[in-house]
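User: Hi! I'm new to reading protein structures. Could you walk me through one, step by step?

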Amino acid sequence: MDWECCWDRDTVVMGECPNITEGDEDLLASKARRILEKCCECERFRRDLGRFNESGHPLAPIFAVLHNDYRRQKSQIQSLVSFLDSKTLETRFLHELGSVLQSSVDLDEVLSVALTAITAGKGFGMNRAFLLLADQERHLLRGHLAIGPRSIEEAGQTWQEIVSNDMDLQTMARSFQQYKLRSERDKFQDILDKLVVPLDDLNHIIVRVFEDKYPLLVHDAFNNPAVDPAFARLMGVDTFLVLPLISRHRRIGAIIADNFITHRPITDDDLRSIETFAFPVAFAIERASLYDRLQEQVDKLQLANQKLQEQQELLVRMEKMALVGRITSSVAHSIRNPLTVIGGFARSILKTTAPTDAKRGFIESIVTETQQLEGVLDEVLTYSDSLYPTRDMWDVNQLVETAQREIQDRLIRQDFTVHSHPGQNLPPVWVDYKQTAYCIRTIILEDMDGLEHGNISISVAQHGSEIDIRIEDKDRKLSEDELEAMLTPFAETCQMGSGLSLALCRSMLDKQNIPFLVVAPPEGGVVYTIKLPTRKEELL
Amino acid sequence: MSRLLVVDDEANIRLLYSAELTEEGYEVETAATISEALEKLAQQNFDLVLLDIKLKNESGIELLQKIVKERHDMPVILCSAFSSYKDDFSAWLADSYVVKSGDLTELKEEVKRVLEKKAQRRAAGL
C-alpha cells in the first residue's frame, strides 16, 4: 500500500513533510519523534489511517482508538502545561507583591503597591481600583485612594506609557507613589468623597462581602437588588468586584475593581487569583497603619521629651532668676540704706539751716546727689528685674488705669491732666504686667519731667492683632537729636529725665518683643506708642 | 499722740526715722530685732509698726505674719530697699509699703494715711 504521509520512512528531506518547518530539522532523521510530534496531527496520516482501517486488517480499529486517545491526552497535557504556566506567572507575581508588601511599613507605599498590582497588566490587569479604609473606631469605610483612567483617551495614553517603560511591579508602584498618588486621589476625589459606608449597614453590598469574607463579583449592578442604586450610579459600571480586606478578623478596608474602559468580562478565575492577594494586602495595610500610629506616638513622646527639656531649662533659668533676685536684693540693701541715711539726714539738717548759711549749698548738693543716686539705683534694679519677664494675659484698660493711678499724686502735684480714652471690647494682651505698667508710668513721668503743668492724652485701641497704647503730649517739643538721645541708655538730655528711663522701657519692651515707637513731629508734640500683642505666638 | 514702732536692723535708719517722725508729732520707739520688737509689742501699746523686710539674719515678713495673726488690728507699713518684695504674697498682708528713700515725704504721707484709716475703722466700730 502506498502511504501518503511520511511516517513509514526512516528519514525525509526538507519539504517532504508539510508540518516540518525551519527549526524542526532534527525531526527529519528521527522517525519516532516525527510520528509522535507531527504525523499524529497530520491530515495525510489521518487519511493513511482511514485507508488502513478500510483494509479490514484486525489491528486497524485498535490503531484508531490509540490514535484518538493519544491526541486527547496530548491536548490535556498541553492545557495542564498552559495552566501551570499561568499559575507560575501568578505565583511569581504574588511572590513579588508579597516581598514588596512585607518590606514596607509606609502606608502610602503599601497602598500604591496594592492598587498598582490590581490595575497593572503584569498584575490583575483591571482598569480601575478604589480603596476604602475603615476608620480607627471601625464605624465607617471611607474612600481613600483610587487609580485608573477616567476616559478612553487617558487610558490609551497611560497604558502606552506603561508599555514603553516596561517596569516591574515595585518600580511601577514607586513611580505611582512618587508622581501620581496625589493627582490620582485628586482626580477621583468626587467619587472618594461619596464612598462612605457605615459598617453597621448590613444591607450594603460591601458590608455583606465582609460577612462572607470572600471576594464578590457583582453583575448587572444597575438592576441588581443587592446593590444600592446610588452606589451603582457612583461606580458607573455594570460589573465590578469587591475584595474585602480582613486581617486577623479585623475589617481593614475593601477594594472595588472594575473594567470601566475595556469592559473585559471579569471571570471566576480573576476572582480566585485576586482572593490570594487580599490577605497580604490587608495585613500590610494594618501593619503600616499601626506603624503610622506608633510613629505618631513616638513623635508625641519626642515632643513631650522636648517640652520636658524646655521645662528643665526653664527651671535652670528660674534658679538663675532667683539668684539674680537675691543678688539684686542684697546690693539694693547695701546701697539703699546708706543713701537713705545720708539723704535723710542731709534733708533734716537742711530744714534747720538758715538760707544765708554758707554751708546750705553743700547740704543741698548732698540732697540732690543722693536723690540722683537713688534714681539710678531704681533704674538699675528695675532693669535687673526686667531680665526675666513673666507674661500672662491681661486687661489692657485695667493695666493703663492702674499705671495711671499709681502716679496720681505726682500728676496732681505737677498740675497735669490726663485724658483717658479706654478701648471697647478689647481682647486681653500677652505681657509682663509689672514691666509694662512700669513703662507706662515711666513714659508719663518722663514726659512730665521739668514741667509745671500740662495735658497728656492716653488712648487704647485695637489695630489688627495688636492693641496700641498711645500716649500723646501735644505741648512737648523735641528735636530729633533729643529724641534719639532720650532712647539711648545713659545719654542725658537737657529736656528730659536722667537719660536711662525711656531706654530702659525700650529694652524691657524689646525683651517681650513689644514694639515701642516714639514720634516727635516738627510742628510739636510727642507720641509714644506701645503695640501690645493679643496672641502668645507673637512673642515666640 | 500716735505711738509708732520702727523695726530696722540699721541703727542709722532707726535714728533717722525716729528723728523725722518725732518731728512730725509721733512718739517713736525702735527695735533692731524681731524678738526686741515682739517684746515691746507685748509690753507697750502702739498705733502702727514700720517694719524693714530684710533684718540681719531675719525676715521682717515673719514678724509681719505674727503681728497679723496676734494683733490683727495693728497696721503695718513695710519699708524696703527694693520693690521686688511686692512679689512675695505675704507682703500683701501689710497695710502699705514704701521703698526707702532719703526723701521721707512718701513715708510720712503713708503713716498719716494709714493712721487716719485706722481711726476711721475704729470710729465705724470695725
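Analyst: Gladly! Keep in mind that this is a predicted model. Let's begin with a helix: helix H1 of chain B, residues 11–23, lies across strands S1 (3–7), S2 and S3 (48–52) of chain B.

User: At about what angle does helix H1 of chain B run to S2(B)?

Analyst: Helix H1 of chain B runs at about 170° to S2(B). Helix H4 of chain B (residues 105–123) can be read in the same spirit: it lies across S3, S6 and S7 of chain B, at about 175° to S7(B).

User: In what order do the strands of the sheet in chain B come?

Analyst: Read across the open sheet, the five strands of chain B follow the order S2-S1-S3-S6-S7, with parallel pairing. At the edges are S2 (27–31) and S7 (96–99) of chain B, each pairing on one side only. On average, neighbouring strands in this sheet are turned by 20° against each other, direction ignored.

User: How many bridges join strand S6 of chain B to S7(B)?

Analyst: Four bridges join S6 (residues 76–80) of chain B to S7(B), and the two run parallel. To see this pair by eye, find B:Ile77, which stands opposite B:Ser96 in S7(B).

User: Now a single residue: why does B:Gln65 count as partly exposed?

Analyst: We count neighbours. B:Gln65 counts as partly exposed because it has 13 C-beta neighbours inside 10 Å, while a residue needs 12 or fewer to be exposed and 20 or more to be buried. B:Gln65 is found in helix H3 (residues 60–70) of chain B.

User: How far apart are B:Gln65 and B:Leu93 in sequence and in space?

Analyst: B:Gln65 and B:Leu93 are 28 residues apart in sequence, and their C-alpha atoms are 7.6 Å apart in space.

Key:
Residues are numbered from 1 along each chain as its sequence is written. Chains are lettered from A and ligands numbered from 1 in the order in which they are written. This is a predicted model: local features need pLDDT of at least 70, side-chain atom pairs count only at pLDDT 80 or more; totals for chains, interfaces and linings use all residues. Two strands pair if DSSP finds at least two bridges between them. Axes are lines fitted to C-alpha atoms, for helices over the stretch in contact, and angles run from 0 to 180 degrees between N-to-C directions. Two residues are in contact if their C-beta atoms, placed from the backbone, lie within 7 Å.
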